[in-house]
Amino acid sequence: MSQSLPWLWRIKRLYIRFMLAFLGHALAKASRSDPIINKELAPLPDNFCFAMRVMPAGPALYMQKRDGGMKPLSKDAVGKPHVDIQFKHLEHAFSTLSFQEGTTDAFARERMIVDGDIPASMRLVRCFERLEAMTLPKLIARRIMRQYPALTLGEKLSGACRIYLGVLGGFVMGYK
């Protein structure tokens, strides 16, 4: 934590908490509405769990595959996740979740640790990249992605609308 700007540290922590919640609701909606993400997650077993968190005790996202889709969970509802993605520091999480750096770049620069099923973690990375391609402006998404997928304007707009509406519904009504 920066001693000179503790308020900035708190704002970054709050932003990371919001973005992890956003990612959870976006992945939950996309796992049911996007055929590419659904196909990517299909081989994962039912009750597959993953965590994305900031070390040592920062904001976290816990998700589980149930009934063919992903659902956000509380930390208490998850045992040891099959894949545990851990950012080494709040600043590393902030640079990735504020789209200054892509997930693959953050991993290559050793800003995060992936513990568990590596092939499953690669599936998750591909899902997150698909979410980025659909929900972010192309200018931002291309900068942080290894390869920007071929998306028509109609696919991008309809996918983004479904995901953003699902996220809004997740925040307002919650997921059961």
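In which helix do F18 and F22 both lie, and how many residues apart are they? Hold on to that for a moment while we get our bearings. What you have in front of you is a predicted model, so take everything below as a reading of that model.

Let's begin with the answer. F18 and F22 both sit in helix α1, 4 residues apart, which is about one turn of the helix. We'll come back to these two rings once the rest of the fold is in place.

Zooming out, the protein has 7 helices and 5 strands. If you walk along the sequence, they come in the pattern α-α-β-β-β-β-α-α-β-α-α-α. The radius of gyration is 16 Å, close to the 16 Å that the globule rule gives for 176 residues, so the protein is as compact as a globular protein of that length. Its C-alpha atoms fill a box of roughly 45 × 40 × 35 Å along the principal axes. Of the 176 residues, 46% count as buried. As for contacts with a separation of 6 or more, 64% of them come from residues 24 or more positions apart.

Now for the sheet. Strands of a sheet pair through backbone hydrogen bonds, either parallel or antiparallel. Here, 5 strands make an open sheet with mixed pairing, and their order is β3-β2-β1-β4-β5. At the edges you'll find β3 (69-73) and β5 (112-116), each of which pairs on one side only. From one strand to the next, the twist averages 20 degrees.

Take a closer look at β4, residues 83-87, which runs parallel to β1 (residues 49-54) and is joined to it by 5 bridges. Two of the facing residues are easy to pick out: F50 has V83 of β4 as its bridge partner, and M52 stands opposite I85 in β4. Towards β5 there are another 5 bridges, but there the two strands run antiparallel. I85 turns up here as well, standing opposite V114 in β5.

Is β4 enclosed or open to the outside? Of its 5 residues, 5 are buried, so the strand is largely enclosed by the rest of the structure. Both faces are covered: V83, I85 and F87 are buried on one side, and D84 and Q86 are buried on the other.

What packs on this sheet, touching β1, β2 and β3? That's α1, whose direction makes about 155 degrees with that of β3. This brings us back to the helix we started with, and to its aromatic rings.

The structure holds 4 aromatic pairs. In one of them, Y15 and F94 meet edge-to-face, 5.5 Å centre to centre and with 65 degrees between the planes. Y15 belongs to helix α1 (residues 6-33) and F94 to helix α3 (residues 90-97), so this pair ties together parts that are 79 residues apart in sequence. Y15 itself is partly exposed, with a relative accessible area of 27%. Another aromatic pair is formed by F18 and F22; it is tilted, at 6.3 Å centre to centre and 40 degrees between the planes. How do those two compare in burial? F18 counts as partly exposed at 44% relative accessibility, whereas F22 is buried at 13%. Together with Y164, F18 and F22 form one aromatic cluster.

F94 has a charged visitor, too: K12 lies over the face of its ring, at 5.0 Å from the ring centre.

For a last stop, head to helix α5 (residues 118-135), where R126 is found. R126 is partly exposed, with a relative accessible area of 36%. Which residues does R126 contact, leaving aside its neighbours within four places in sequence? The answer is E40 and R146. Compare that with I140, which is 14 residues from R126 in sequence and 17 Å from it in space, C-alpha to C-alpha.

Methods: Residues are numbered from 1 along each chain as its sequence is written. This is a predicted model: local features need pLDDT of at least 70, side-chain atom pairs count only at pLDDT 80 or more; totals for chains, interfaces and linings use all residues. Side-chain values use heavy atoms; hydrogens and water are left out. Rings of Phe, Tyr and Trp (its six-membered ring) pair if their centres lie within 6.5 Å; planes under 30 degrees apart count as stacked, over 60 as edge-to-face and the rest as tilted. Buried means under 20% relative accessible area, exposed over 50%, partly exposed in between (1.4 Å probe, protein chains only). A charge sits over a ring if NZ of Lys or CZ of Arg is within 6 Å of the ring centre and within 35 degrees of the ring normal. Two strands pair if DSSP finds at least two bridges between them. Axes are lines fitted to C-alpha atoms, for helices over the stretch in contact, and angles run from 0 to 180 degrees between N-to-C directions. Contact means heavy atoms within 4.5 Å. The radius of gyration is taken over C-alpha atoms; the globule rule is 2.2 Å times the number of residues to the power 0.38.
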